[in-house]
Structures are given as C-alpha cells and as structure tokens.
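Open the model in your viewer and keep the selection tool at hand. Each stop says what to pick and what is there.

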Amino acid sequence: MKRVITVTVLNQSGVLNRVTGLLMKRQFNIESITVGHTEQVNISKMTFVVHVADETKLEQLIKQLSKQIDVLKVNDITEKSIVLRELALIKVVSPANLRNEMNSIVEPFRPQIIDTSKNFATYQVVGHPDKIDAFIELIRPYGIKELTRTGVTASVRETQPVETPQLSILK
C-alpha cells in the first residue's frame with residue numbers, strides 16, 4: 001500500500017542520507033521524496049511516498065524513523081484530509097502550426113507555458129500526481145522531449161472530517 005509519510009528534522013548535514021539510508025536498508029521503495037525548509041529556522045520537512053507491505057511494516061518504519069538522530073517528528077498522513085501537490089516541467093515538440101491545437105487541448109489542466117522556442121514549448125503543471133499523469137498522457141502524442149517532476153509535497157488540512165457512526169436500519 002502506498003503511504004505518505006512526513007518527517008520533521010533538524011536541518012543538519014547528513015540527515016537526508018541517514019533517513020533514506022534507513023529506508024534503503026529496510027527495503028522500502030521510495031516513490032517520491034521532497035525536502036524543504038519550514039516556517040521555523042533550522043527545521044526542515046521531508047515528505048515521502050513509500051510502498052509499505054502491511055500495517056506491521058508501517059509501524060516499524062515509523063518507530064525506526066523516530067529513533068533517528070535529528071528527527072523531531074514522524075507522521076503517516078495518508079488517512080488524513082491532506083493537500084497533496086507536485087510540479088512537473090514538460091518540454092514538448094510544438095511546431096507553430098500545432099500550438100493553438102495543443103493549447104486548447106491542455107487548457108483544462110491550467111498549465112503555464114514557461115519557455116518557448118521555434119519548435120518546442122515547456123509547460124509547467126502543478127497539482128495532484130494523478131492530474132500530472134493525465135496531462136503527460138494527453139500531451140505524449142505530440143512528442144515529449146524532456147520531463148522532470150519535483151515529487152510530492154503534502155500538508156494536513158486544518159479541518160479534518162469528523163467521523164460519525166453510521167446508523168443502519170437494515171440490522
């Protein structure tokens with residue numbers, strides 16, 4: 001199962017290496033990783049998307065990450081209400097005679113054209129990874145020259161849904 005894990009760490013040399021080394025030793029496949037400064041000085045947040053076989057392995061992962069030097073907090077935010085975003089830069093073959101057609105096709109994705117030349121256009125797309133995957137598949141027939149993605153970053157929403165017990169009249 002795919003899990004979104006956030007790790008709050010002291011911004012020190014070698015922290016990323018220690019954390020990813022632990023994941024590698026335990027044979028967790030990292031699908032996505034992002035790291036960046038937080039609102040607090042000298043504190044960074046790592047966001048991992050990892051494949052975890054079962055609940056036991058997930059508990060082990062969280063405990064082992066929590067024991068690492070410089071790790072302040074570990075959270076599995078997969079089941080919470082979260083905002084999940086990724087950025088992609090896609091350089092596409094874009095001859096002048098096809099540009100209007102391409103732009104009208106991709107318009108629902110609200111990409112930004114961040115660079116253009118005689119035969120190429122570079123789109124910036126921001127959103128959920130599924131949105132980016134769909135954009136890539138839509139634009140692929142035109143010819144992708146270069147593609148780069150940032151990886152997922154996530155934030156827990158301030159308001160979480162309240163779980164209410166479901167009443168059943170069919171019992």
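**Stop 1: the largest nonpolar core**

This is a predicted model. Start by selecting Ile5, Val7, Val19, Met46, Phe48, Leu61 and Leu65. They have the most contacts inside the largest nonpolar core, a set of 17 residues. Now colour by element. β1, α1 (15–25), β3 (43–51), α2 (55–66) and β4 (71–76) each give this core at least two residues. Which element supplies the largest share? Helix α1 does, with 4 residues.

Zoom in on Ile5. Leaving out residues up to four places away in sequence, its contacts include Met46, Thr47, Phe48 and Val50. Turn the view to find others that Ile5 touches: Leu58, Leu65, Val74, Asn75 and Asp76.

**Stop 2: Leu22**

Next, select Leu22 in helix α1. Is Leu22 buried or exposed? Its relative accessible area is 7%, so Leu22 is buried. Show its neighbours. Beyond four places in sequence, Leu22 touches Leu61, Gln64, Leu65 and Gln68. Draw a distance from the C-alpha of Leu22 to that of Leu61. The two atoms are 8.8 Å apart, while the residues are 39 apart along the chain.

**Stop 3: Ser44**

Move to strand β3 and pick Ser44. Ser44 counts as buried because its relative accessibility is 4%, and the cut-off for buried is under 20%. What does Ser44 touch, not counting residues up to four places away in sequence? One group is Val7, Thr8, Val9 and Asn11. The other is Val35, Gly36, His37 and Thr38.

**Stop 4: the second core**

Clear the selection. Pick Ile90, Val92, Phe109 and Ile132. They are among the 14 residues of a second, separate core. Keep Phe109 selected for the next stop.

**Stop 5: the aromatic cluster**

How many aromatic pairs does the structure hold? There are 2. Add Phe135 to Phe109 for one of them. This pair is edge-to-face, with 5.5 Å centre to centre and 80 degrees between the planes. Phe109 sits in the loop between α3 (99–106) and β6 (112–116), and Phe135 in helix α4. The pair links distant parts of the chain, 26 residues apart.

Check accessibility. Phe109 is buried at a relative accessible area of 16%. Phe135 is buried too, at 0%.

Now add Tyr123. Tyr123 and Phe135 also form an edge-to-face pair, at 5.6 Å centre to centre and 70 degrees between the planes. Tyr123 lies in strand β7 (residues 120–127) and Phe135 in helix α4, so this pair ties together parts 12 residues apart in sequence. Tyr123 has 1% relative accessibility and therefore counts as buried. Show the three rings together: ring pairs link Phe109, Tyr123 and Phe135 into a cluster.

**Stop 6: the largest pocket**

Finish with a surface view. Select Lys2, Glu31, Val49, Pro129 and Val152. Of the 15 residues that line the largest pocket, these lie nearest its centre. Which elements give two or more residues to the lining? They are β1 (2–10), β2 (29–37), β5 (82–93) and α4 (129–139). The pocket has a volume of about 300 Å³. Colour the lining by class to see 6 nonpolar, 3 polar and 6 charged residues.

Methods
Residues numbered from 1 in each chain as written. Predicted model: local features only at pLDDT ≥ 70, side-chain atom pairs only at ≥ 80, totals over all residues. Heavy atoms only, no water. 1 Å grid on protein atoms, 1.4 Å probe; cavity = no way out; pocket = protein on both sides within 12 Å on 5 of 7 lines; lining within 4 Å. Points joined across faces, edges and corners; volume = space filled by probe spheres on them. Nonpolar A, V, L, I, M, F, W, Y, C, P; charged D, E, K, R; others polar. Core = buried A, V, L, I, M, F, W, Y, C linked by side-chain atoms within 4.5 Å. Buried < 20%, exposed > 50% of the residue type's maximum accessible area, 1.4 Å probe, protein only. Contact = heavy atoms within 4.5 Å. Phe/Tyr/Trp six-rings, centres within 6.5 Å; stacked < 30°, edge-to-face > 60°.
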